[in-house]
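Biologist: I would like a close look at a single part of this model, described carefully enough that I can follow it on the screen. Please begin with whatever term I need in order to read your description.

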Amino acid sequence: MIESQQTRINLDPSFHRAYTSLNREQQKAVDHIEGPVMVVAGPGTGKTQILALRIGNILQRTDTQPQNILCLTYTDAGAIAMRKRLMQFIGADAYKVQVHTFHSFCNQIIQDNQEIFSEHSRLLHISDLEKAQMYRELIDELPVDNPLRKLRGAHYFEAKRLDKLFATIKKEFWDTEMIVGKINEEIKNIQEDKSDKKYYYQINYRSFKPGDPKKKYYDAIRNMDILRAAVNLFEPFQTKMKVAGRYDFDDMIHWVVSAFRSDEMLLASYQERFLYLLVDEYQDTNGSQNEIIRLLADFWESPNLFVVGDEDQAIFRFQGASIANLKQLYDRFRPELIVLSENYRSTQPVLDAATALIANNGERLSDQVPGIEKRLIAQLSDKKALIPKVYEYLNVAQEETAVFEALKALNRAGEQLHDIAVIYRKHAQATNLIKALAYENIAIDVKHRVNILEDPLIINIENILTFLESEFENPGKNDRLLFKIMHFRFFNIVPVDLARISQFCWREYKNPISLRQTIKDQQLLETLNLTNAQAILSFSGLIDLWVQRIPHVTLQILFERILQEGNILADILSGDMRTYRTQVIATFFNYIKNESLRNPEIDLPVFLDTLVQMREIGIPLQMHSLTRTKEGINFLTAHGAKGLEFKHVFIIGCNRRNWEQLRGGNFGFSLPSNLEDPSMDADERDERRLFYVAMTRAKEHLTMSFAAENLTGMPDEPSQFIGEMMSTNKVAFVAKQTLPEEVVTFYEALLDKKDQELPLLDHDLIDKKLERLIISPTALNQFLACARSFYFESILGVPLANNQYLGFGNAVHEALRIFLNRIKQGLDAAPESILDHFSEAMSKYRSFFTTKQYENYLAHGTIILPKYVNEKLGDWKSAQFLSTEEGISHINHRDVPVTGRLDLILKDQTGQNLVIDFKTSNVNNIKLHKDKLQPARNFDEKGGDYWRQVVFYKILLQESGKAEMRMDQGIMSFIEPDKYGEFEDVSFHVSSGEMELVSNQIVDAYAKMRNHEFDKDCGRPHCTWCNFIKNDYVLPPEIIEDENDDVAFDFGGEDLQLHFDF
C-alpha cells in the first residue's frame, strides 16, 4: 500500500486509480523506492506506466521535491511520453521533474556551469555537411603514402569509417593511447604465435613451408596499421572542430563525463541534487551514457537507482548500445530484481510464438542472473486468440498481391485502418504495396522520410541550374547536359525533334556542330523538318534570359523565375502527384532560403557545389511525406515499430536475404581482438531481437509471409526465424499459396509503369548513319549491355562526359605506348622513365579531372606505374615485339565490318604470340572483376566484357590473314595492384567454340542494329538511358562513374573511331 503522508504534491485521483489497477510485480516496482532496483520489463508489460507512478509515489511518500528526481530516457519521444503521463498524475509539477534524454541532460549541465565549460560555451553544433568537409580536409592533408589516403576512385572513402570510429571512441570513452597499445599487443601476438593456423601454414603447401605467413597474416597486419593511422587522426580532428567553433552530440556527453571525473565538486553537486535516478530502456545505453549513470549513483552506498530494460528488445546495437550494461549493473549494485511478465497487449498465441523465437538467443539475462523467468502471460481474453500464421507464396508478386488483398478486405470489413500495420526490415520492401493502396484510395501512414535529392524532379531542376552556371562561365561547352535538359517535359519539346537535331549536330564526331548555337538559329531549324521548331526557339530564349539574370538576382529569385517561366510549377500543379511534388519543391525552396540566411553571399556555384558534396558524402535533404494520415494503414520498419501496438500486424518479406543476410558488414575499421566495440558485427541474435520486437507489436492478429522465389525466379530461403517458430508448433504454416492469375494481374497492372517508346529518328536517317558502322569490341560490348545506350551515344552521338577514370586510363595507355616503343627501338627504358611520359599524358588529359582528382591520380600513377613496369620489363625485353597499338580495320567477318586496336603483341621465348591488353580497372572489386572475365558457356550466355574482347581480338587477327599476327594466348594485364601489392595477368587460351559464340554475337548484334532494334530495356536498375525513357524523359539520379566501367565505342571510319578500352 501507499503510505499516507503529508506532501507538497497533490496527486490527481487518476493516480490512485492507476495504482490500484497494477498487478503485484508492478506494485512492487512502484513501492520499492529505496535502494537500487532493476525491472526486467517485457513487451506490453506497462513499463511507462510504472515509471510515472513510481515518480508520483516518491513525491507522495517522501519530502523529495520534483526537481530532485532525474528520469533519463533514450529518445525525445520517450521523454515527451513520460512528461504527458506525469501530467495526468501530478499536474503542472510534471514540468519540474527532470525528464531528459542523455544529450539534453548533458546540455543542461553545460549551460548551468558555463564557468567550468567555458571553452565549449561558444561552440555551435556541427552540421553533417560541415563534419564531412572537415573529414575531407583531414584526408587531403595526409601524405600520399598514408594508408587512409585513397589516390583513385572514392578518394574520401575513409571519411565515413573515421566518423564511425571517432563516435565509438567518444561513446565508449576510449583513450587513443589505450587503443594504440591494444593494436601493438595484437600485432605482437600475431607475429609471435606461429602455431596459429589462421595466420601461418602448419604443413608444407605448394611453395610454402610450416611457419610461412598466409595472406590473412598480411591482411591482419595491414588492418592494424590502417587502424593506427585512423586513431592517430582523432586528436587532429577534434582540434579542427574546436578551431572551427564546432562540436557534435557525442562531444557533449564526453565533456560531462570528463568534468565529472576531474571535478569532484561538480560531480558532488549533481549527486546530492538528484536523490532519485530513473533510467528507461537501459538496454539501449552505450558506454559513456552508462558511465554518467555510474558516476551519479556511486555517491550513495545504496543508490536510489531504478532502471527498466529488456535485453530481448535491444535493437540499437548499431548505435553503440550494449546489452552487457544490464549484467554489469546487476553485478555492481545487486539491485532488487523485479520481472514483469504479465502482458496487456497481445494474446497468448502471439506471445508464445515470440517467446519460442527469442528462446533461441543465447546469453540472455535469464541465463546469467538467477531468478529471472521470462515467460510472458497474456492478460487479454482468449476468446479471440488466433495462432499466428506463416504463409509461403510462390514469388514476391504473389506475396505482395496476397497482402494487398488482405488489407483491402480489412478495409471493406470496416476495421480501423490505424490499428493495422505492415512491418518490414527495409522500406524498399513496401514500395509496391504503398503505391497500390494509394491507387485504390486506401489511406496509409508511411513512417519514413524521403531524401528529395534522389527525387527525379529535384535532379532535373539541379541539372537546369548546373547547365545555367556552366553556360554563364563557359558558354557552349556543355551540349551533353543541354541535350538531356531539352527532354524535360516542362519544355514541351518533341523527342523526335531532338533526335533529328542531335543527328545534325554530332554526325561528325571530330567536328561537332554546337547544339547551343543550333537551337538559336531559326532558319537552320526550319531546314531540319522539325515537328515544333517554335518550342525549341522558346526554350533557347528562356536559357538566354536565365543566364543573363545570374549576376543580377539572388539565388532565391532565380529559382522562383525558373519555376514560373519554365512551366515547372504549372506542370506540377496539373499532374496526378501535385500534392507530393509541391511539397518536394517547397522543401527544396526552403533549403535555398535557409542556406541564403546562413550565407547571404551564397551564389549559384557555391550552392551547386554544396549539393554535389551532399550527394558524394551521402547527406540527405529530408522531407516528411504527405502520404501520412493518422487514420491510415501503418507502414513501418521493425526499428520504427518499437513501442507501438496494432490489432493486425503483417510482417512481410520474411526471407533470409531481408533479415539475417541483410546485416552485412559494419563497414568500420577492424579492431584488435582484445578491444570490443558494442556497435560492431551485429549477428543473428540482433536480428532475432528485431524480429521479436516486430512480432510483439501484434495485439490479436499476426501474419508473417515469405516468397519461395526471388524476382529472378531463383529459390529464396525463408528466414531462419520462421523455421525456429515452426519447429515449436507455435505458428500455423500454410505452404505454397498460389493466387488466381487474374488477381495478380490486377495488382501488377496498378503498379505497371508503362515503358515509354523510344522515339527513333526517321529510319532512312538511321540507315544513313549505319552505313559507316564498323563493329569493334567496345561497340559490341555496349550494344549487348544496353541497346538504348548504344542508340543515344553511338547513333545520336550524344557526347560522352569526360571523367577521372577515362582521363587516367588514357594517360596510362599513352605512357605505356611511348615506353614500349622505346623498348622496341632499343632505346633506354628504365622503369622510372615512364613517369615523364605519364606526367605529359596527364597534362594532355587535364580537363578530365577536378583539381583534387588530378593531384591524386598523378600521385597514384607515380607510385604504381614504375612498380608495374619493373615487374614486366624483363618479359618485354626478352620477347620479340611484333606490334604496339596495332590497329586492324577493313576486315569483314561473316559480312560484318569489324575493327579493333590491340595494345601489344609479343612473341615470347617459347615462340607463342601473346596479345596483351592493358587494363586500369580496380581488381579489388572482386565480383565485378570476375564477372568481366567470365567466359560464356553456351549461346544463351553473354559472357564477360573482357573475355569477349579477347575472343574478338582472335577473330580479328584470324580474319586479317597475317600468319605472323596470330594469337596463341590473350592476356588481360592489370596495371592496378591488388591489396597485397601484386599485379595480375589473366590468360585466355581461346577455343574454337568460344570464337563461334562471339562470332554469333557479332552477327546477331549487327543484324539488330541494321533492323533498328534499339528500343529494348536492358533490365539494369541503374541504367541512365533506360530510366530516361521509362520515366517519361525524367532523368534518374546520375550514376557516378564507375572506375570499372568501360565507356567506349568504335563507330565508322578513322575520324569516328574512339578507343576507351580500359
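Modeller: An angle between two elements is taken between their N-to-C directions and runs from 0 to 180 degrees, with each axis being a line fitted to C-alpha atoms. The model is a predicted one, with a mean pLDDT of 85 for the protein and 91% of its residues at 70 or more.

The part I have chosen is a sheet with the helices that lie on it. This sheet is open and has five strands in the order β20-β21-β22-β23-β24, and its pairing is mixed. At its edges stand β20 (880–893) and β24 (985–988), and because each of these has a single partner strand, one side of each is left without a neighbour in the sheet. From one strand to the next, the twist averages 35°. On the β24 side, strand β23, which covers residues 969–974, pairs with β24 in the antiparallel sense over four bridges, and a convenient place to look is Ser 973, whose bridge partner in β24 is Asp 985.

Two helices can then be placed against these strands. Helix α40, made of residues 945–960, lies across β20, β21 (896–907), β22 (913–919), β23 and β24, and runs at about 95° to β21. Helix α41, made of residues 992–1010, lies across β20 and β21, with an angle of about 145° to β21.

For comparison, a second open sheet is worth bringing into view, with seven strands in the order β13-β16-β12-β17-β18-β11-β19 and parallel pairing. Its edge strands are β13 (444–446) and β19 (732–737), each of which pairs on one side only, and neighbouring strands here are turned by 20° against each other on average, direction ignored. Towards the β19 edge, β11 and β18 run parallel and are joined by six bridges, with Val 390 standing opposite Met 704 in β18. The link from β11 to β19 is also parallel and consists of four bridges, and there Tyr 393 stands opposite Gln 737 in β19. Strand β17 (residues 646–651) pairs in the parallel sense with strand β18 (residues 698–709) over five bridges, where the bridge partner of His 648 is His 701 in β18.

This second sheet also carries helices. Helix α18 (residues 396–412) lies across β11 (389–395), β12 (420–424), β16 (633–637), β17, β18 and β19, running at about 130° to β11. Helix α19 (residues 431–439) packs on the sheet as well, touching β12, β13 and β16, and its direction makes about 165° with that of β16.

To set these pieces in the whole chain, the domain assignment includes domain 3 (389–448 + 628–659 + 675–751) and domain 5 (804–1011), whose C-alpha centres lie 49 Å apart.

A caution belongs with residues 1033–1062, over which pLDDT stays under 50 although the model has 118 contacts beyond four places in sequence for them. Residues 1–6 likewise stay under 50, with 14 such contacts. Where pLDDT is low, the predicted coordinates should not be read in detail.

Conventions. Residues numbered from 1 in each chain as written. Predicted model: local features only at pLDDT ≥ 70, side-chain atom pairs only at ≥ 80, totals over all residues. Heavy atoms only, no water. pLDDT = per-residue confidence, 0-100. Contact = heavy atoms within 4.5 Å. Pairing = 2+ DSSP bridges. Domains from an automatic or database assignment.
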